[in-house]
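This report looks at one helix and one enclosed space. Start with the sequence and the model.

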Amino acid sequence: MYTKIKTILMAGLSIGAAFTGITSTNLTPVFADDPAAAETAPVMAQEGATAPVSSLKGLDGRTYTVGEGNGKIQLLNFWASWCDPCRIEAPLLNELSAKYRTKLDVYGINVTKYDRQEDVRKFAKSLGLAYPILLDKSGEVFDVYRGAAFPTSVLIDENGKVREVLLGVYSKTELEEKIRKLTEELDTK
């Protein structure tokens, strides 16, 4: 049954990507022939590399910095209020945020370029989300982290290294196993 649900959700992600006009997040070819443009091009997230650092405003009015090594694991979850798989995943993220709060910072990053801020507020309130909801108004952070569909999640270790980019919804067991593995590594240091 889980496989069938995941297949349906992945099809929804493809439709969501088509709806938003996202076709590729690989910007390297755009800058290949222009060295000056390459110097000013955003650093793209890659697994194993240092995470790009970004500052975003939250729904609470505070500014949050994501990506830098802060001694805790970070889970960046890119989403949109109209995304049904995002609605399924958000309560799980709320639960994991509470369970691992001393070792994990969860950030829900709404790609507001493809959404409306009033819908973002309604979504967060209706699900009782306790982790910070950040607004990526231009979609730039989503692009830098190679977002290709909603939801896209990025796991960053305590030193600011991208450990994994996750496209689509993962089961509670799968996602918690990935977080648990990183927290165990953190505990052994």
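How many nonpolar, polar and charged residues are in the lining of the largest cavity? The lining has six nonpolar residues, one polar residue and no charged residues. The model behind this count is predicted.

**The cavity**

The search covered the whole structure and found one cavity of 30 Å³ or more. The largest cavity holds about 30 Å³ of space. Its lining consists of Asn-77, Trp-79, Cys-86, Ala-90, Phe-123, Leu-129 and Tyr-131. Strand S3 and helix H4 each contribute at least two of the lining residues. Asn counts as polar, so Asn-77 is the polar residue of this lining.

**Helix H5**

Helix H5 spans residues 117-127. Its buried residues are Val-120, Phe-123 and Ala-124. Viewed down the helix axis, these buried residues fall within an arc of 90°, so they line one face of H5. The face turned away from that buried side carries Lys-122 and Lys-125, both exposed. Phe-123 links the two topics: this residue is buried in H5 and also lines the largest cavity.

The buried residues of H5 pack against four elements, listed here.

| Element packed against by H5 | Residues |
|---|---|
| Strand S3 | 73-79 |
| Helix H4 | 84-99 |
| Strand S4 | 104-110 |
| Strand S5 | 133-135 |

S3 and H4 thus appear twice: as packing partners of the buried residues of H5 and as suppliers of the cavity lining.

What sign does phi take at Gly-128, just after H5? Gly-128 has a positive phi of about 60°.

Conventions:
Residues numbered from 1 in each chain as written. Predicted model: local features only at pLDDT ≥ 70, side-chain atom pairs only at ≥ 80, totals over all residues. Heavy atoms only, no water. Buried < 20%, exposed > 50% of the residue type's maximum accessible area, 1.4 Å probe, protein only. Arc of directions from axis to C-beta. Contact = heavy atoms within 4.5 Å. 1 Å grid on protein atoms, 1.4 Å probe; cavity = no way out; pocket = protein on both sides within 12 Å on 5 of 7 lines; lining within 4 Å. Points joined across faces, edges and corners; volume = space filled by probe spheres on them.
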